[in-house]
Amino acid sequence: MTARTAERQGRRIRVRGLVQGVGFRPHVWRIATDLGLRGHVLNDGEGVDIAIWGAPGDLDAFARRLTGEAPPLARIDAIEPAALEGAEPVAGFAIVESACGRIATGVVADAATCAACLEDIGDPGNRRFGYPFTNCTHCGPRLSIVREIPYDRAKTSMSAFPMCEACRGEYEDPADRRFHAQPNACPECGPRVWLEDEGGEVVCTDPIAEVAAQIRAGAIVAVKGIGGFHLACDAASAQAVDALRARKHRAAKPLALMARDLDQIRRHALLSDAEAELLCSPAAPIVLLAMAGALAPGIAPGQDHVGFMLPYTPLHHLLMARLDAPIVLTSGNLSDEPQATDNAEARERLRGIADLWLMHDRDIVNRLDDSVMRIDAPGPAVIRRARGLAPEPLLLADGFAGSPKVLAMGGELKSAFCLLADGQAILSQHMGDLEEAATHADYRKNLDLYRAIFGFSPDVIAVDAHPDYLSTQWGEALAKETGARLVRIQHHHAHLAACLAEHCLEPGQEGSIGIILDGLGLGPDGAIWGGEVLVGGFGGYRRAAHFLPVALPGGAQAMRQPWRNTVAHLHAAFGPDWIGETAGTALGDRLKDKPHAMMTGMIEKRLNAPLSSSAGRLFDAVAAALGICAAEQQYEGQAAMEMEAMARPHIGTAEPYPVQIESKDGAQVLSWLPLWRALLDDLRQGREAGGIAASFHLALAAALADLVVDLAEQGAPDRAILSGGVMQNRILLEALHERLTQRGLNVLAHHRAPANDGGLALGQATIAAGA
């Protein structure tokens, strides 16, 4: 026996994280083979399990390379080595079949086509030339096709496509980049694509070329993608865009665009290096960019930013290579419904909208909208977390490692739920408004799916404190069904906790001042909150300050008709004779045609006019005063978004309006009398609406920053949290971030979970974990 043989030892290495479906086992095999090590690697319910024998120096080198050369889609959360007793294998290193066990590993998100696969589909000599379903271990579908884990082909929708001999050879060759690539396929054995008309008849033999020709000619085409159907048309054709809006019943909400490459985007939008990096990332999200070139006027009416994405599947690349201009690529549905995923469903639901259907026969198991992101001064921000981002687990602080399993149900709008266990949180993809029946059904389906995929049986179920939210009611029902403990979480506390959680702050060390601004959430006093400054953390909070409660005349109608909020705010500022204060302004002229006397009566008598500290309704009130969407909003946040766009050119020259802050019942209250007086004076003097809008934005930023600094000086924590849907207003977010940072506070904003209600479940889960 040689000295080297005598030194050989065995190690058991457990790798946790996003390590299934990303080529991690072949990565292990290649390193082990290169170093002459013996043993095996397998997937199981906890991640990747490695049993390996060799000389200590070689084993150490193996451990270093395991992380240093990890596959691009992998995320290693932990490596746990231990001594391994037992007989060493006679020779070689093997990849063995998956093992069963408790499920604790992650499913990775769908990933955009990698450069190597792009070369394959563009090479006339390659057997995958022009094949729209080309993929490898570094790219392609994941969550969209998986039914359960461990992630193997038999447990995905690719089980319907037995591999041909050539694909099987790649799949079984550890030296090939398609080794154990579960969606691996080629034209001989994989999914196929075709084009059909409204009657379901196949209309050509070169479907992708025909779709490009039809889009150039002005047609609207339903395109089956990776997570659902899209509707595509020429983004430069006003006629095609207007027709799409009319058929889809989407009057004004901005439409997303797809461009062939970055150079094509630069013809129509400003593009920073950071934005380009986001666009080219494996997640390939829609990125909001400043407009800078000609597009159809109906793409994003009233906006100064437009959402662009790059092709993220081979099918998209093949289509865009045949087009010289960007296309609209919006969700395949009627407005506010979930996008269609099934072929038969798409034929039925998109009839009357699409002229043609570009179909394929790979089933979409899990519906996924496109993710939406942007780059703000604090860094990247997630507006909608879906394809390419979900369901990647978010690592939490160490203090959550021993927490009970929590299922958090989220809110009513921008619904998403969260599973918390083993020190990480799995935030689902965006699903939409639960008041829409199809979205509610999709929410319940996905909830069942995630519980099955992750083998998740909750100890605690967290719900919003509002009893009328459908997510709350379903959570109550699940708690009764499962025996889990039910915890009700205040809405704005959850927003605060969500931002704390994604920054991995430890429970007990996370005390912060949270500026939480949104549309509404039920307060513990039974009132509707929405403009809040909370001091606290996961374990609790106090309401240190808030916006002045103002009536919502007509209740939910006030969210759809901004002029009602203008009336309510003027009444709160000037009393029942408020109409006289508008004399000599265009606002006064507009309000004369509205039933303002009836609104005043409702406010005075508190008839269907609940009080609310909502920041969202304040934005609506000011926007309507400037004539923006005064009569009605076509989509949530329209008035505020258009006012922000109007204000942006004036931010550098405008001065903030004054805001009154007074103490009441132990809290500071921001009220708006001086702001409205100055605003009405500017209207009388004919000041440009954009300048007025800029002064309003700066007023909020200045007043809130001063208030938070005062709280910190009085003993509150010197860390500020910016959260809630209104923090998607870039002007306000960046102004607050700058002012507070300059005055010495540590300012945290959202980067991985949405500031809006799409991130609410993350906060609910982390609060409930310690409740």
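## Helix 13: buried and exposed faces

In this predicted model, Ser471, Thr472, Gly475, Leu478 and Ala479 of helix 13 are buried (under 20% relative accessible area, with exposed meaning over 50% and partly exposed in between, for a 1.4 Å probe and protein chains only). Because these residues cover an arc of only 125° around the axis, they lie on the same side of helix 13; the arc is that of the directions from the helix axis to the C-beta atoms. On the other side of helix 13, Lys480 and Glu481 are exposed.

The elements that cover the buried residues of helix 13 include strand 17 (406-408), helix 12 (437-453), strand 20 (460-464) and strand 21 (485-489), where contact means heavy atoms within 4.5 Å. Helices (H or I, at least four residues) and strands (E, at least two) are DSSP runs, numbered from the N terminus.

## Helix 13: span and end

Helix 13, residues 470-482, has 13 residues and reaches 18 Å from its first C-alpha to its last, close to the 18 Å expected at 1.5 Å a residue, the expected span being 1.5 Å times one less than the number of residues. Just after helix 13, glycine 483 takes a positive phi of about 80°.

## Helix 2

In helix 2, the buried residues include Phe24, Trp29 and Ile31, and what covers the buried residues of this helix includes strand 1 (9-18), helix 3 (56-68) and strand 4 (75-83). Just after helix 2, glycine 36 takes a positive phi of about 70°.

## Basis of the values

Residues are numbered from 1 along each chain as its sequence is written. Local features need pLDDT of at least 70 and side-chain atom pairs count only at pLDDT 80 or more, while totals for chains, interfaces and linings use all residues, and side-chain values use heavy atoms, with hydrogens and water left out.
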